[in-house]
Amino acid sequence: MSRPLEVLEVDLEEPGLGEVLVEVRAAGLCHSDLSAIDGTRPWPLPIVLGHEAAGIVRAVGPGVRDLVEGDHVVFSFVPMCGSCRYCVAGRPYLCERGVQANREGRLITGARRFYLEGKPLNHHLGVAAFSQFTVAARESLVPIPKDVPLETAALFGCAIATGVGAVLNTARVEEGASVAIFGLGGVGLAAVMGAVLAGAYPIAAVDLLPAKVELARSMGATHGVVVGDGDVVEAIREITGGGADYAFETAGSVEAMSLAYKATRRGGVTVTVGLPHPERVLSLPAVSLTAEERILKGSYMGSTNPRRDLPRFLTLHRIGRLPAERLVTGTLSLEAINEGFDRLARGEVVRQIVIP
Ligand SMILES: NC(=O)c1ccc[n+]([C@@H]2O[C@H](COP(=O)([O-])OP(=O)(O)OC[C@H]3O[C@@H](n4cnc5c(N)ncnc54)[C@H](O)[C@@H]3O)[C@@H](O)[C@H]2O)c1
Ligand SMILES: [Zn+2]
Ligand SMILES: [Zn+2]
């Protein structure tokens, strides 16, 4: 069921211990927000949505020693505690305390800072960016250089981290390996950019919409396949000479996951990035995992450590090798946000940036 967003005047408390007040200057519309609206990804309601954003620090709470007013920051949608078993193992995107806080709609500090008529509102993924101001935990913020336009920087919090990270971190695609990418929204097109960075060849881009396939070609995909134009799996096998070494599903669709798996070669790696409804089930020919030594991997937040990876991805952007700004279809006001989500649902746009 679609529950369009309401734009309301709410109260925001001062940042508490370990928290930061951020003026949000740019917030992207990601399909994961749309999934919160249409019920594909259930979250505790009422909630302030928005998890792909950048802004300027306006005040720091007690205990925050490494950020000052005026610093530019990108939000990370998994706060990293730094001390749980996942954080110490170098997998902060699975942070125990961060994931638990996100599920509860709280900051990792335990707090909720937005209030409507005296009742607390939940924070989406510790970010809650569809607002002029938000309070986030220090663990949800990555400082960035001030010369990166904030409208572009916002994308590094989700689309770029997720798409580029899936290729470089989760899959570790080697130069010359063949890649197929299923689903060409903000995340899938970022994965195309990641495959270009990795030196993959061929890079086959797949979508239901011919316009998305064309866009991917203009961003470095060497081949394009439109779902519905003949046998997709056969087409990928032909392009890659028997199946892709690495296939990525970035559509949020179980059907696309299944296609990606079938289009992966024997011994290859299939990476799922999309987030279908929790009750959806993916079924596979069981023996293929064993007899064909297949690897099926999930990728959350591109397996990134934001404090390590965002600076290096921003460097690649600065030297022209990661053209993140090409993902931006346009900007809009907070008041126009529901129309923006309608356009995203129809597949007409890539990333739209709310300037609150
Ligand atoms: N794993 C993560 O950390 C993470 C992070 C961000 C987003 N996501 C998820 O990734 C998915 C994509 O997000 P987005 O913002 O890029 O979405 P988007 O809506 O911008 O793009 C999705 C694209 O997939 C295409 N598509 C849909 N069904 C398809 C199919 N069966 N075969 C081929 N293409 C198909 C659509 O036409 C569209 O172009 C969503 O499920 C989102 O929730 C995951
Ligand atoms: Zn997202
Ligand atoms: Zn942790």
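Student: What makes helix 6 an element that lies across strands, and which strands are they?

Tutor: In this predicted model, helix 6 (residues 186–198) lies across strand 11 (179–182) and strand 12 (203–207), and helix 6 runs at about 170° to strand 11. That angle is taken between N-to-C directions on a scale from 0 to 180 degrees.

Student: What is the order of the strands in the open sheet, and what makes strand 13 an edge strand?

Tutor: The open sheet has 6 strands in the order 13-12-11-14-15-16, with parallel pairing. Strand 13 (223–226) and strand 16 are the edge strands, as each pairs on one side only.

Student: How do you know that strand 15 and strand 16 pair?

Tutor: Pairing requires at least two bridges, and strand 15 (residues 264–272) is joined to strand 16 by 4 bridges, with the two strands running parallel; therefore they count as paired. One of the bridge partnerships is that of T272 with G298 in strand 16.

Student: Why are helix 1 and helix 12 called roughly perpendicular?

Tutor: Helix 1 (residues 31–38) and helix 12 pack at an angle of about 105°, with their axes 10 Å apart. Since angles of 65 to 115 degrees count as roughly perpendicular, helix 1 is described as roughly perpendicular to helix 12. The contact is made by H31, D33, L34 and I37 of helix 1, together with F341, L344 and A345 of helix 12.

Student: Why is the pair of F77 and Y300 called edge-to-face?

Tutor: The count comes to 2 aromatic pairs, and in the one formed by F77 and Y300 the centres are 5.6 Å apart, with 85° between the planes. Ring centres have to lie within 6.5 Å, and planes over 60 degrees apart count as edge-to-face, so this pair satisfies both conditions.

Student: Are F77 and Y300 buried or exposed, and how do you know?

Tutor: F77 has a relative accessible area of 5%, and because buried means under 20%, F77 is called buried. Y300, at 25%, falls between that limit and the 50% above which a residue is exposed, so Y300 is partly exposed.

Student: What makes F130 and F341 a pair that ties together parts of the chain?

Tutor: F130 and F341 form an edge-to-face pair, 6.1 Å centre to centre with 70° between the planes. F130 lies in the loop between strand 8 (122–123) and strand 9 (133–137), whereas F341 lies in helix 12 (residues 337–346), so the pair links parts that are 211 residues apart in sequence. Both F130 and F341 are buried.

Conventions:
Residues numbered from 1 in each chain as written. Chains lettered and ligands numbered in written order. Predicted model: local features only at pLDDT ≥ 70, side-chain atom pairs only at ≥ 80, totals over all residues. Heavy atoms only, no water. Phe/Tyr/Trp six-rings, centres within 6.5 Å; stacked < 30°, edge-to-face > 60°. Buried < 20%, exposed > 50% of the residue type's maximum accessible area, 1.4 Å probe, protein only. Parallel < 35°, antiparallel > 145°, perpendicular 65-115°, else oblique. Contact = heavy atoms within 4.5 Å.
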